[in-house]
Amino acid sequence: MIHNKKNINHIRENIPSKYRDFSIKKIESEASNRTFFRLEKDGSSFICMESQKEKENYKKYLLIYFFLSSINISIPKIYEANDKKYIVIMEDFGKLRFDKILSKYKLKNLLNKAVKSLVILKNELEFENNHKLLRYNFNIFKTEISEFIEFYYPYFFHKKIDKTLEDDFYLIWEKVYKSINFDFTNFVHKDYELGNLLYLPHKKKHLKCGIIDYQNAFWGDSSWDLFSLLENPRILFDNSYNDYFIKFYFNNTNQNSSIREFEEKYHILNCSRQTRLMGRWIKLFKKFNQSYYLEFIPSTKKRLLHSLKKINNDKMNVLYSKIIKNN
């Protein structure tokens with residue numbers, strides 16, 4: 001409580017003077033070094049983001065904001081940005097996070113608005129090196145799936161992975177990766193999940209989907225944000241809509257591949273992502289001593305095995321039968 005009060009006092013001293021008589025409440029955020037606060041007064045509300053511990057992400061956030069704000073999607077408007085104190089004052093999109101309102105709103109309707117926003121992101125943002133966004137590549141891919149080897153396997157098998165099995169893991173994944181003609185020239189939010197989407201009832205059509213936390217964006221495959229949304233392991237919602245939205249997205253975006261090739265990329269990259277997350281949940285559990293991260297493992301495993309079945313690669317199937325704990 002004392003630490004929280006110090007944070008609020010720090011923010012009050014460093015935000016523009018016109019906001020200093022606002023009430024300030026800290027907003028809880030997971031696994032982030034950024035701190036968020038809600039500023040409220042006389043019916044007005046703003047969000048303050050302080051990024052002293054994530055200075056590079058502060059710069060990326062502003063960089064991405066300026067070109068996302070030029071297209072027809074909903075992102076919070078920035079009112080103030082202090083480059084010396086790494087503080088941003090922005091529009092408050094409220095508290096109706098998609099993952100918190102599933103009992104009140106139809107899942108298909110929420111997904112529809114989210115996917116339509118993805119269609120606009122795909123069709124209106126063209127690849128440009130001068131945006132200075134990272135471009136996905138095999139080295140990044142290998143680093144990500146390594147979290148499985150480093151954290152998941154030793155935690156559940158109570159030992160380090162055998163060197164031969166580890167080599168097989170990387171070799172099989174490398175062959176699968178290199179067998180696909182990926183196109184890493186598409187804007188990827190990276191964390192396009194229900195928890196980063198907010199429902200805006202006062203807006204129209206797809207603009208009801210408010211998009212936040214885009215500072216980790218990169219250039220990658222056009223399927224990435226779609227499987228981040230539809231294959232969300234934090235919430236194992238019914239995936240009966242997945243095929244519909246995959247086809248809807250494909251048919252309404254500019255694609256350089258067939259639907260079969262698109263789905264293959266979707267499931268291969270989703271399989272790798274879920275593989276990484278199997279390790280990431282253990283990593284976060286150990287880092288923050290929060291056991292609830294372990295609760296996501298069964299749903300992550302289910303998402304992983306579903307995409308693994310779609311890939312239908314014998315060597316991958318044999319590999320995962322050895323490295324996934326059956327419990």
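Arg38 stands opposite Ile47 in strand E3, and that pairing is a good way into this predicted model. Strands E2 and E3 run antiparallel and are joined by 7 bridges. They belong to an open sheet of 5 strands, ordered E1-E2-E3-E5-E4 with antiparallel pairing. Beyond the sheet, there's a buried lysine without a salt bridge and a set of 15 salt bridges across the whole structure.

**The sheet, strand by strand**

- At the edges of the sheet stand E1 (23-27) and E4 (78-82); each has a single partner strand, so one side of each is left without a neighbour in the sheet.
- Ignoring direction, neighbouring strands here are turned by 20° against each other on average.
- E1 is tied to strand E2 (residues 35-41) by 5 bridges, and the two run antiparallel.
- Within that pair, Lys25 stands opposite Arg38 in E2, so to speak on one flank, while Ile47 in E3 stands opposite Arg38 as well.- E2 and E3 form a hairpin with 2 residues between them, and Asp42 in the turn has a positive phi of about 50°.
- How enclosed is E3 by the rest of the structure? Largely, because 5 of its 7 residues are buried.
- E3 also pairs with E5 in the antiparallel sense, this time over 5 bridges.
- In that pairing, Phe46 stands opposite Glu91 in E5.
- As a general point, side chains in a regular strand alternate between the two faces of the sheet.

**A helix on the sheet**

- Helix H2 (residues 55-68) packs on the sheet, where it touches strand E3 (44-50), E4 and strand E5 (87-91).
- The direction of H2 makes about 145° with that of E4.

**Phe22, just ahead of E1**

- Where does Phe22 sit? You'll find Phe22 in the loop between helix H1 (2-14) and E1.
- Phe22 counts as buried because its relative accessibility is 9%, and the cut-off for buried is under 20%.
- Setting aside neighbours within four places in sequence, Phe22 is in contact with Arg12, Leu39, Glu40, Lys41, Ser44 and Phe46.
- One of those partners, Phe46, is the residue that stands opposite Glu91 in E5.
- Phe22 and Lys59 are 37 residues apart along the chain, and their C-alpha atoms are separated by 26 Å.

**Lys122, a buried charge**

- Lys122 lies in helix H3 (residues 107-124).
- Is Lys122 buried or exposed? Lys122 is buried, yet has no salt bridge.
- The nearest side chain of opposite charge belongs to Asp183, at 5.2 Å; a salt bridge needs the nitrogen and oxygen within 4 Å, so Asp183 doesn't qualify as a partner.
- Lys122 does have a polar neighbour in the backbone: the oxygen of Asn254 lies 3.1 Å from a polar atom of the Lys122 side chain.
- Leaving out neighbours within four places in sequence, the contacts of Lys122 are Asn186, Ser222, Tyr249, Thr253, Asn254 and Gln255.

**Salt bridges**

- Opposite charges on side chains can pair when the charged atoms come close.
- How many salt bridges turn up in a search of the whole structure? The search finds 15.
- Arg97 forms one with Asp99, with the closest N and O atoms 2.5 Å apart.
- Arg97 counts as partly exposed because its relative accessibility is 30%.
- Lys163 and Asp167 meet in another salt bridge, at 3.0 Å from N to O.
- These two are 4 residues apart in helix H5 (residues 163-178), which means about one helical turn separates Lys163 from Asp167.
- Lys163 is exposed, with a relative accessible area of 54%, whereas Asp167 is partly exposed at 38%.
- Lys247 pairs with Glu263 in a salt bridge whose closest N and O atoms are 3.9 Å apart.
- That pair links distant parts of the chain: Lys247 is in helix H7 (residues 242-251) and Glu263 in helix H8 (residues 259-288), 16 residues apart.
- Lys247 is partly exposed, with a relative accessible area of 41%, and Glu263 is partly exposed too, at 23%.
- Which residues are linked in a network of salt bridges? Glu144, Glu147, Arg276 and Arg280 are.

Notes. Residues numbered from 1 in each chain as written. Predicted model: local features only at pLDDT ≥ 70, side-chain atom pairs only at ≥ 80, totals over all residues. Heavy atoms only, no water. Buried < 20%, exposed > 50% of the residue type's maximum accessible area, 1.4 Å probe, protein only. Lys, Arg positive; Asp, Glu negative; His and termini not counted. Polar contact = N/O pair within 3.5 Å; in protein donor to acceptor, adjacent residues only side chain to side chain. Contact = heavy atoms within 4.5 Å. Pairing = 2+ DSSP bridges. Axes fitted to C-alpha atoms, helices over the stretch in contact; angles between N-to-C directions.
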